[in-house]
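Welcome, and please get your viewer ready. We will go from one selection to the next, with a short note on what to look for at each stop.

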Amino acid sequence: MNTKNLVILALLAGIGVVLHTVMPSFLTIKPDMMLAMMFLGIFIIPEIKSVMLLALVTGILSGLTTGFPGGTIPNII
């Protein structure tokens, strides 16, 4: 894991958080753009350490911005 890869993953996670927060819901279902950014990061940098770090960070950030009651723990898992 070098700094360039970490910066790319951090930018993707940041973009995902912003999109996850401001995305409007369609018929009570909100598309999860955070998950799309996580998959994009996995496809770009498929190292196991980077994937695990990105998955953990994405789960925590998605749990913090969810609108579902009690949705923090399922998002992290």
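Before the first selection, a word on helices and strands: both are DSSP runs, numbered from the N terminus, where a helix (H or I) needs at least four residues and a strand (E) at least two. The model is predicted, so local features need pLDDT of at least 70 and side-chain atom pairs count only at pLDDT 80 or more, while totals for chains, interfaces and linings use all residues. Residues are numbered from 1 along each chain as its sequence is written, and side-chain values use heavy atoms, with hydrogens and water left out.

**Stop 1: the annotated spans**

Select residues 39-61. This span is 87% helix and 0% strand, and its end C-alpha atoms lie 15 Å apart. Now select residues 6-27, where the chain is 77% helix and 0% strand, with 36 Å between the end C-alpha atoms. Both ranges come from UniProt, where an unreviewed entry gives them the feature "transmembrane region". UniProt positions are given here in the numbering used for this model, feature names are shortened, and annotations may be inferred rather than shown by experiment.

**Stop 2: helix α3**

Next, pick residues 48-64, the 17 residues of helix α3. From first C-alpha to last, α3 reaches 24 Å, close to the 24 Å expected at 1.5 Å a residue; the expected span is 1.5 Å times one less than the number of residues. Which residues of α3 are buried? Colour Ser50, Val51, Leu54, Thr58, Gly59, Ser62 and Gly63 to see them. Buried means under 20% relative accessible area, exposed over 50%, and partly exposed in between (1.4 Å probe, protein chains only). Their cover includes α1 (3-22), α2 (33-44) and α4 (72-76).

**Stop 3: Ser50 and Leu9**

Zoom in on Ser50 in helix α3, which counts as buried because its relative accessibility is 1%. Leaving aside neighbours within four places in sequence, Ser50 is in contact (heavy atoms within 4.5 Å) with Met1, Leu9 and Ile45.

Follow that contact to Leu9, in helix α1. Leu9 is buried too, at 6% relative accessibility. Not counting residues up to four places away in sequence, Leu9 touches Gly41, Ile45, Ser50 and Leu54. Try a distance label as well: the C-alpha atoms of Leu9 and Met38 are separated by 8.4 Å, although their positions lie 29 residues apart along the chain.

**Stop 4: Thr58 and Met34**

Go back to α3 and select Thr58. Is Thr58 buried or exposed? Thr58 is buried, since its relative accessible area is 6%. With residues up to four places away in sequence set aside, Thr58 touches Met34 and Met38.

Met34 sits in helix α2 and is buried, with a relative accessible area of 2%. Show its surroundings: beyond four places in sequence, Met34 touches Ala13, Gly16, Val17, His20, Thr58, Leu61 and Ser62. Met34 and Thr21 are 13 residues apart in sequence and 9.2 Å apart in space, C-alpha to C-alpha.

**Stop 5: out to the surface**

Finally, switch on the surface and select Met1, Leu6, Leu53 and Val57. These residues form a nonpolar surface patch with about 310 Å² of accessible area together. Patches are made of residues with over 30% relative accessible area and no salt bridge, joining nonpolar side chains (Val, Leu, Ile, Met, Phe, Trp, Tyr) within 5 Å and like charges within 9 Å. A salt bridge is a side-chain nitrogen of Lys or Arg within 4 Å of a carboxyl oxygen of Asp or Glu. The areas come from the Shrake-Rupley method with a 1.4 Å probe, and for residues only the protein chains shown count as cover. One member of the patch, Leu6, is found in helix α1 and counts as partly exposed because its relative accessibility is 34%.
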